[in-house]
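The following exercises train the reading of a protein model, residue by residue. Please study the sequence and the structure, then attempt each task before turning to its solution.

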Amino acid sequence: MEFAFRQLTRILMFIGGVGLLLMMLNITLDVFLKAVFNAPIQGTVEVSSYYYMVAVVMLPMAFVELEDDQISVDLLFNHFPAAIRSICLLFTLTLTAGVLSVIAWRTGQDAVRAFRVGEVVMGSREIIVWPARCMLPLGFSLAAIAAGLRAIMLLQGKEVINLSSNEASE
């Protein structure tokens, strides 16, 4: 299960990277067309805001959690005895999974509401945005699963802390 989940998070990380490239190309082309031909691409701001940016942030979220690559400040943590570190880490991972689950549930409710009303946003043109609302509960749910999986791995005695980031701070 861990292997399959890792593969899924890598695929979503890749899709988030593709979203970043598409956003860059879309915005660059929009600026070029506006500057040269005075013909910008309609809806660039809306598509970038509601689709590209959301995909870039939400899809890689589980990968970042699973690989322990999020930003962390561990001024005292590294000085604790191993047993205390494990207890603190287990508490933190459990709390993280719980909070992310609540956020996933709430954003899931928003996604269902957006789907029911066929949510659109008005800008330079009307853009359908309800499909983008689904990326939030997906990202939060998978990140919650990743935190829970890390807690299980910790209980199994596996290493769940990214050592390369810890070595850089010491």
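**Exercise 1. Locate Glu67 and describe its surroundings.**

Solution. Step 1: Glu67 is found in the loop between α3 and α4, where helices (H or I, at least four residues) are DSSP runs numbered from the N terminus. The model is a predicted one, in which local features need pLDDT of at least 70, side-chain atom pairs count only at pLDDT 80 or more, and totals for chains, interfaces and linings use all residues. Residues are numbered from 1 along each chain as its sequence is written, and side-chain values use heavy atoms, with hydrogens and water left out.

Step 2: with a relative accessibility of 24%, Glu67 counts as partly exposed. The classes are buried for under 20% relative accessible area, exposed for over 50%, and partly exposed in between (1.4 Å probe, protein chains only).

Step 3: Glu67 belongs to a network of salt bridges that also links Glu2, Arg6 and Lys158. A salt bridge is a side-chain nitrogen of Lys or Arg within 4 Å of a carboxyl oxygen of Asp or Glu.

Step 4: the C-alpha atoms of Glu67 and Arg10 are separated by 10 Å, while the two residues are 57 residues apart along the chain.

**Exercise 2. Describe Asp68: its place, its backbone and its partner.**

Solution. Step 1: Asp68 also has its place in the loop between α3 and α4. Its phi is positive, about 55°, although Asp68 is not a glycine.

Step 2: is Asp68 buried or exposed? Its relative accessible area is 12%, so Asp68 is buried.

Step 3: the side chain of Asp68 meets that of Arg150 in a salt bridge, at 3.4 Å from N to O. This pair links distant parts of the chain, since Arg150 lies in helix α6 and the partners are 82 residues apart. Arg150 is buried as well, with a relative accessible area of 2%.

**Exercise 3. Find another residue with a positive phi and compare its setting.**

Solution. Step 1: Asn38 has a positive phi of about 50° although it is not a glycine.

Step 2: Asn38 lies in the loop between α1 (2-37) and α2 (44-58). With a relative accessible area of 63%, Asn38 is exposed, whereas Asp68 counts as buried at 12%.

**Exercise 4. How many salt bridges does the structure hold, and what do those of Asp110 and Glu119 look like?**

Solution. Step 1: the general principle is that side chains of opposite charge can pair when their charged atoms come close. The structure holds eight salt bridges.

Step 2: Asp110 and Arg106 meet through their side chains at 2.9 Å, N to O. Both residues lie in helix α4, four residues apart, which is about one turn of the helix. Asp110 is partly exposed at 27%, and Arg106 is partly exposed at 42%.

Step 3: Glu119 forms a salt bridge with Arg113, at 3.9 Å from N to O. Glu119 counts as buried at 16% relative accessibility, while Arg113 counts as partly exposed at 40%.

**Exercise 5. Classify the aromatic pairs.**

Solution. Step 1: the structure holds two aromatic pairs. Rings of Phe, Tyr and Trp (its six-membered ring) pair if their centres lie within 6.5 Å; planes under 30 degrees apart count as stacked, over 60 as edge-to-face and the rest as tilted.

Step 2: the ring centres of Phe32 and Phe37 are 6.3 Å apart and the planes stand at 80°, so this pair is edge-to-face. Phe32 is partly exposed at 45%, and Phe37 is exposed at 55%.

Step 3: Phe115 and Trp130 also form an edge-to-face pair, with 5.0 Å from centre to centre and 75° between the planes. Because Phe115 lies in helix α4 and Trp130 in helix α5 (residues 130-133), the pair ties together parts that are 15 residues apart in sequence. Phe115 counts as exposed at 52%, and Trp130 as partly exposed at 27%.

**Exercise 6. Describe how helices α4 and α6 pack.**

Solution. Step 1: two packed helices are described by the angle between their axes and the distance between the axes. Helix α4 (residues 82-117) and helix α6 (residues 135-155) pack at about 160°, with axes 8 Å apart. Axes are lines fitted to C-alpha atoms, for helices over the stretch in contact, and angles run from 0 to 180 degrees between N-to-C directions.

Step 2: α4 and α6 are therefore roughly antiparallel. Angles under 35 degrees count as roughly parallel, over 145 as roughly antiparallel, 65 to 115 as roughly perpendicular and the rest as oblique.

Definitions and conventions: Helices (H or I, at least four residues) and strands (E, at least two) are DSSP runs, numbered from the N terminus.
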